[in-house]
Amino acid sequence: MTSRVLLVDGMALLFRHFYATSLHNQFMYNSKGVPTNGIQGFVRHIFSAIHDIDPTHVAVCWDMGQSTFRNEMYDSYKQNRPAPPEELIPQFDYVKEISEQFGFINVGMVNYEADDVIGTLAKAYSQDNEVHIITGDKDILQCINQNVEVWLIKKGFNIYNRYTLDRFNEEYQLDPLQLIDIKAFMGDSADGYPGVKGIGEKTAIKLIQAYDSVENVLQHIDELTPGQQKKIKNDEANLLLSKQLAEIHTEVPLDITSLYEEMEYAHSLNHILSICNEHELYVSGKYISSRL
């Protein structure tokens, strides 16, 4: 039987649910004074996903610090982001501790982003398994293949923007890996890298649909409009750098075989609820009882 692997972007879930409730000052402090609002949302979300996907294997992937190999390539990479709120900071380590108690494998690698870890695991495991990725980051769409499906967080705990290979091909008229070339032209203000000034998503998609890659656009630059030529020539160095920054690294040095064995997951409702009670995650426990 084909196994079904669930890869979760842990930070995406934690951040999303922290900010969803912190807007209304709902930090859900436990008896020790530690805020748990992001954790409560993380727990409800991941068990909703398990209910919907019914995976045989689960891994939660995490960023490991602010600096990665991309900062060595470009100093300003992701350096434009504000410091996390005071109430979120203690939840970073706490959520990993709780995740582990639930039986999830926490995976991260220093000098790499969670996206790189997810991309590496998806590439390896999709050779023989179905892979489902839950994230809030559209960059992960470049990792889609016939056996990899991406569920982009959209609303609540179980509403997603779901992408299969067929949907991606139909929507973009491109191969998922060509998303790297599109991002190279567009840049990414959230990640803080430039791309080509004046070229947005629509133009970038048209260029890659016509010429397949950044490199091929450059080889045929004389065929473009004068305005496009000027913009690209002015920002050619940024274009090539942005392509390197946009590409998810899928060769992170992980022990793929051992991790797969550790990721095997079978949950017991009583065990889950006991952990929720132990950590005073009463809202999560009540929600899970109604879902599982």
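Cysteine 143 is buried, with a relative accessible area of 12%. The model described here is a predicted one. Cysteine 61 is also buried, at a relative accessible area of 0%. The two residues are the starting point for the question of covalent cross-links. From the sulfur of cysteine 143, the closest cysteine sulfur is that of cysteine 61, 11 Å away. The relation holds in the other direction. From the sulfur of cysteine 61, the closest cysteine sulfur belongs to cysteine 143. The cut-off for a disulfide is a sulfur pair within 2.5 Å. At 11 Å, the sulfurs of cysteine 61 and cysteine 143 are therefore too far apart for a bond. The structure accordingly holds zero disulfides.

Salt bridges are present, and the count comes to 13. One of them joins arginine 81 and aspartate 191, with 2.7 Å between the closest N and O atoms. The pair links distant parts of the chain, with the two positions 110 residues apart in sequence. Arginine 81 sits in the loop between helix 3 (69-73) and helix 4. Aspartate 191 sits in the loop between helix 7 (179-186) and helix 8 (201-211). The burial of the partners was also computed. Arginine 81 is partly exposed, at a relative accessible area of 42%. Aspartate 191 is buried, at 6%.

A further salt bridge pairs lysine 123 with glutamate 251, at 2.7 Å from N to O. Lysine 123 belongs to helix 5 (residues 114-125), and glutamate 251 to the loop between helix 11 (236-246) and helix 12 (256-262), so the bridge ties together parts that are 128 residues apart in sequence. Lysine 123 is partly exposed, with 41% relative accessibility. Glutamate 251 has a relative accessible area of 52% and counts as exposed, because the class begins over 50%.

Arginine 162 and glutamate 149 form another bridge through their side chains, at 2.9 Å from N to O. Here the partners lie on strands. Arginine 162 is in strand 6 (residues 159-163) and glutamate 149 in strand 5 (residues 148-155), so this pair ties together parts that are 13 residues apart in sequence. Arginine 162 is partly exposed, with a relative accessible area of 44%. Glutamate 149 has 15% relative accessibility and counts as buried, because the limit for that class is under 20%. Elsewhere, bridges with shared partners build one network from Arg70, Lys78, Arg81, Glu113, Asp116 and Asp191. The bridge between arginine 81 and aspartate 191, described above, has both its residues in this network.

Charge also gathers at the surface. Asp93, Glu97, Glu100 and Glu278 form a negative surface patch. Helix 4 (residues 89-101) supplies the largest share of this patch, with three residues. Glutamate 97 is found in helix 4. Glutamate 97 counts as partly exposed, with a relative accessibility of 40%.

Backbone geometry was examined next. Glutamine 173 is not a glycine, yet it has a positive phi of about 55°. Glutamine 173 is placed in the loop between helix 6 and helix 7. With 55% relative accessibility, glutamine 173 counts as exposed. Aspartate 212 likewise has a positive phi, of about 75°, although it is not a glycine. The loop between helix 8 and helix 9 (214-219) holds aspartate 212. Aspartate 212 counts as partly exposed, at 46% relative accessibility.

The loop between helix 6 (165-172) and helix 7 also holds glutamine 178. Glutamine 178 is buried, with a relative accessible area of 15%, whereas glutamine 173 in that loop is exposed. Glutamine 178 and tyrosine 160 are 18 residues apart in sequence. In space, 23 Å lie between the C-alpha atoms of glutamine 178 and tyrosine 160.

Methods:
Residues numbered from 1 in each chain as written. Predicted model: local features only at pLDDT ≥ 70, side-chain atom pairs only at ≥ 80, totals over all residues. Heavy atoms only, no water. Patch = residues over 30% accessible without salt bridge, like charges linked within 9 Å, V, L, I, M, F, W, Y side chains within 5 Å. Areas by Shrake-Rupley, 256 points an atom, 1.4 Å probe, with all protein chains shown as cover. Salt bridge = Lys/Arg side-chain N within 4 Å of Asp/Glu carboxyl O. Lys, Arg positive; Asp, Glu negative; His and termini not counted. Charge placed at Lys NZ, Arg CZ, Asp CG, Glu CD. Helix = DSSP H or I, 4+ residues; strand = E, 2+ residues; numbered from the N terminus. Buried < 20%, exposed > 50% of the residue type's maximum accessible area, 1.4 Å probe, protein only.
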